[in-house]
Amino acid sequence: MQTENMHVVSHKAIAKDTYELVLIGAMVSQMAPGQFVHVKVPSEAMLLRRPLSIAAISQDETTCTLIYRVDGAGTKALATLNEGAAVNVFGPLGSGFPLEAPSSGEALLIGGGIGVPPLYELGRRLRADGVKVTTVLGFATAEAVFYESEFAELGQVYVTTEDGSHGTKGFVTHAIEMHALNVEDIYMCGPRRMMQVVEGLYPKARGYASLEERMGCGIGACLACVCDRQEKGAGYAKVCSDGPVFPLGEVVL
Amino acid sequence: MSRLHVELPGLSMKNPIMPASGCFGYGREYARLYDLSCLGAVAVKGTTEAQKDGNPTPRVAETSSGMLNAIGLQNPGVEAVAAEELPWLAAYDTPILVNISGSTMEEYETVARTLSNRSETSAIELNISCPNVKKGGMAFGQDPALAEELTARVKAVSRQPVYVKLSPNVADPAALALAVERGGADGLSLINTLVGMRLDWKTGAPILANGAGGMSGPAVKPVAIRITHNVRQVTNLPIIGMGGISSPEDVIEFIRAGADTVAVGTANFSDPFVCPTLIEQLPAYLDELGASHIHDLQGKGAALL
């Protein structure tokens, strides 16, 4: 956990308002799938760092890939960074996904929108360990879809769009039902509503959910990004430092 | 003696830099980044009698050169702080300024009595200015008579010096400062956050679940400097200055305004290493100004010269 001026290796739009930012730096050696980095926006007026999940890690090249959606002034400023530019990064932060092979031997990755990125490096690691990886990705429209072919290298991929402009029309759960996918071991990241529905439909599923929340410090000191624990009276969990990845059943999605 | 050393009631500080209450928890998280013994002091998270859950999320929102927070004093309660947090933090060689809060005068007394009896506590910071709780908090910091009475009651039960943290959300902060001085305050912390609000322009809904929140960061610094300067004209009490400090220039500006020492809050979120960095950078700034000690630069207040 440190701050470092990492440098932009490449930076490009990969879908509507969605950018893939590849950074090089020493910090990469400490990164694990499911962790995030706290990125300083190139603007004096914007104080708060932006928590961005790590989509891919290359130890050989000491690079990491971040994927983010332009959704406000901060990410808009971030999108102006050119190749070679320095970016101040604090990290790696948070707990990642456990990497033990799931007991069923199969992993179902369920990603929604800008929640898709952290599942990619996870999928690569699981696949490398011989786990059968199946992926369901949900997006709003065809132009929002990204990383379909990347996930296809890991196993079968099913894409859904809300308007039916690409893949199955509807939500991730429609694809899971339509193809009768194995939901014993799931790993998910996406809108809270998506994760609530999945958890409700498959209460016996084992696995993990990665959460997003507005953050301050990113290390558990400021208490900005809390979420409720499922156990009554157990109080809050901190998304940044207890998570962002939680075992299913631990926190209220 | 070091040119950065600052000696205040209860707080023997090797330098004038302390993290501000609420931005640093009880120190555990930042202790993973650097040795807390380098700090002039640590102001810990506000503590209430019972454990407190705080407000729903979202609890923070960014503003231009600032931020809003509405954490709502989430804390584990006085017993847990006394049993677990203070003994842990006391292992570091730095004074501990224990921030206390309450919704009634009796609660403030109970928390002050318990925590000021702890050997780990160097001084108490009496928070009468939290804008994010429904009961108590800032209400005690709005009315000079109430503020004076609460200060006197907390002073009566406290075994350690008491610094009263004042609100900028009043017409006349100097009147409040004089009131708590009459109540027996040993020092002042200036300033807490300014009440503010942000709305989603598409829906009209507040960004913070609490509606309003406390604004901090560089945007509030001119307000904090003016209040520090203003209060320094009317009292000789030690002042812990804070509000938007992120650079050595900011630290010196507060000292020039009349502060004895400073606290750094929001800047910890932009740069988690900001406190040790400021400590390292300050001597070169004193050199540039030809000051042998940081207090050579202190504004004394025109009326008190």
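Me: Before anything else, what counts as a salt bridge, and which side chains meet in one in chain A?

Reply: A salt bridge is a side-chain nitrogen of Lys or Arg within 4 Å of a carboxyl oxygen of Asp or Glu. Here the side chains of A:Arg206 and A:Asp185 form one, at 3.0 Å from N to O. That pair links distant parts of the chain, 21 residues apart, with A:Arg206 in strand 12 (residues 206–210) and A:Asp185 in strand 11 (residues 185–189) of chain A. Strands (E, at least two residues) and helices (H or I, at least four) are DSSP runs, numbered from the N terminus. Over all chains, the rule gives 21 salt bridges.

Please keep in mind that this is a predicted model: local features need pLDDT of at least 70, side-chain atom pairs count only at pLDDT 80 or more, and totals for chains, interfaces and linings use all residues. Residues are numbered from 1 along each chain as its sequence is written, chains are lettered from A and ligands numbered from 1 in the order in which they are written, and side-chain values use heavy atoms, with hydrogens and water left out.

Me: How many salt bridges are there between chain B and chain A?

Reply: There are 2 salt bridges between them. One of these joins B:Glu29 to A:Lys238, whose closest N and O atoms are 3.4 Å apart.

Me: And what area is buried between chain B and chain A?

Reply: The size of an interface is often given as the accessible area lost when the parts come together. Buried area is that loss (1.4 Å probe), summed over both parts. For chain B and chain A the value is about 2,400 Å², and carbon and sulfur atoms give 62% of it. B:Glu62, B:Phe269 and B:Ser270 supply 25% of the area that chain B buries against chain A, more than any other three residues.

Me: How many residues does each chain bring to the contact?

Reply: Contact means heavy atoms within 4.5 Å. Chain B brings 34 residues and chain A brings 26.

Me: How should I read two packed helices, such as helix 5 and helix 6 of chain B?

Reply: Two packed helices are described by the angle between their axes and the distance between the axes. Axes are lines fitted to C-alpha atoms, for helices over the stretch in contact, and angles run from 0 to 180 degrees between N-to-C directions. The axes of helix 5 (residues 221–232) and helix 6 (residues 248–257) of chain B come within 8 Å and cross at roughly 25°. These two helices of chain B are therefore roughly parallel to each other, the label for angles under 35 degrees. Residues making the contact include B:Ile225 and B:His229 of helix 5, and B:Glu253 and B:Phe254 of helix 6.

Me: Which backbone features deserve a look?

Reply: Most residues other than glycine have a negative phi, and most peptide bonds are trans. In chain B, a cis peptide bond joins B:Thr57 and B:Pro58, with omega about 0°. B:Pro58 sits in the loop between strand 4 (42–43) and strand 5 of chain B. Another cis bond joins B:Leu190 and B:Ile191, with omega about 10°. B:Ile191 belongs to the loop between strand 10 (187–190) and strand 11 (194–197) of chain B. In chain A, A:Asp17 has a positive phi, near 60°, and lies in the loop between strand 1 (2–15) and strand 2 (18–24).

Key
Buried area is the accessible area (1.4 Å probe) that two parts lose on being put together, summed over both. Angles under 35 degrees count as roughly parallel, over 145 as roughly antiparallel, 65 to 115 as roughly perpendicular and the rest as oblique.
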